[in-house]
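Me: Please take a close look at a single part of this model, and set it in its context.

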Amino acid sequence: MLSDSLLTEYSYIVSARYEAINTHYIKLMAKQIKEIGKLSPSNLFRLQQMAKMQQNIAEINTLLSQETGRTLSELYQIYDISGMSLYKDTYNLYTARGKKQIPFAQNMTIQRRLKSMKQLTANTFLNMSNTTALYEPYKHLVDTAIDAVVSGVGSYDELIRGQLTDSSLSPLVRNADEGLRITYASGYTRRLDSAVRMNVLDGVREVNNGIREQVGKEFGADGVEVTVHALCAADHIDIQGKQFSNEEFEMVNSNLRRRISTCNCKHSTFPIILGISQPAYTNEELDKYKANSEQKVTIDGREMSKYEATQVQRNVETEIRKAKDKAIFAENLGDAELTKQARAKVRTLRRHYTDISTQAGLTPKMDRTYVPGYNGKQVKPKSIKISI
């Protein structure tokens, strides 16, 4: 089974593959805008440019579909590996209850759960590809570019640059140079790479939770133990690593604003037999984890816990990826000034990231700022072998 840290690394590997498609999309969009700027009004045909835009979008959709197939194949393997590992780990608890644990492949209830989760994951990724915000920001830029050439008013470069930095525009249009985003039913949008990572982590978490719940029913679990991770949020710090009866946990969890295993919580529970299952961590170890998570650090004059500092890290990592996307767009647009600004932003953010990591005593994770196609020094995510 992939550990939490390896699973997180894998999620960044997958998001980098989708980010490569995002880079391709940014380049296609920028190059078309650049080409439009070179045309004279008499040689510019709106329908022709719209047809080219649709052709580029179709190409991106094909690439997204291909990558989705590859990712789903890998995730299905991870689900099987993780499920089998969790199942084997509970063998002694079946024995303690005097029950026989049938082979994993023959447990039809669990196999049906796995099949159902695989289908749900497939639907999630397919829906994600289908709802990727491709059309509107691209169309808006093409329309703006065409109008700029036809009107002949002002500098073409300045007009396009203004469209990319105008804060009065909708975020979807304003962030066109960041590329692909997912649009949800609520209207909220999220960067494609962020959505991919969330779906990978949530999918594995749901599989693990489902299998743990089922085996607990089969061997007769009367309690649960909450898993532990090193830097923990304040709302979960006092319950991680603790054992509860089923009834106690239901009451504790229901009173949490952010329930275990929801809202980006990395915790999960595993079924136990009270009085037989030994806690994975001693109270002394849990106290050390708590002290480390709550340790006060100061970042740019602002005091916060060490856990909160990791959230600052994640935010800056996202901002660095955004800035790199903008630099790629500007370079392919041929706008030297915009390129200069974007690359300067990358350098500033990178220095800031190193500074806050040092101030908080945290290890910088530069591979999480990787963007394929960016012309500059980068750390590429490590590969991870997946096999049963």
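Reply: Lys and Arg count as positive and Asp and Glu as negative, leaving out His and the chain ends, with each charge placed at NZ of Lys, CZ of Arg, CG of Asp or CD of Glu. On that basis the 53 positive and 44 negative charges of the protein chain have mean positions 4 Å apart. The model is predicted, so local features need pLDDT of at least 70 and side-chain atom pairs pLDDT 80 or more, while totals for chains, interfaces and linings use all residues. Residues are numbered from 1 along each chain, and side-chain values use heavy atoms, without hydrogens or water.

The protein chain has 12 helices and seven strands (DSSP runs of H or I, at least four residues, and of E, at least two, numbered from the N terminus). Of its 388 residues, 49% are buried (under 20% relative accessible area, 1.4 Å probe, protein chains only).

The part chosen is helix α5, residues 135-151. Its 17 residues reach 24 Å from first to last C-alpha, close to the expected 24 Å (1.5 Å times one less than the number of residues). Buried residues in α5 include P137, Y138, L141 and V142. G152 follows α5 with a positive phi, near 65 degrees.

Six aromatic pairs occur in the whole structure (Phe, Tyr or six-membered Trp ring centres within 6.5 Å; planes under 30 degrees apart are stacked, over 60 edge-to-face, the rest tilted). Y25 and Y138 are edge-to-face because their ring centres are 5.9 Å apart and their planes lie at 80 degrees. Y25 belongs to helix α1 (residues 4-38) and Y138 to α5, so the pair ties together parts 113 residues apart in sequence. Y138 is buried at 0% relative accessible area, and Y25 is buried at 1%.

Key
Buried < 20%, exposed > 50% of the residue type's maximum accessible area, 1.4 Å probe, protein only.
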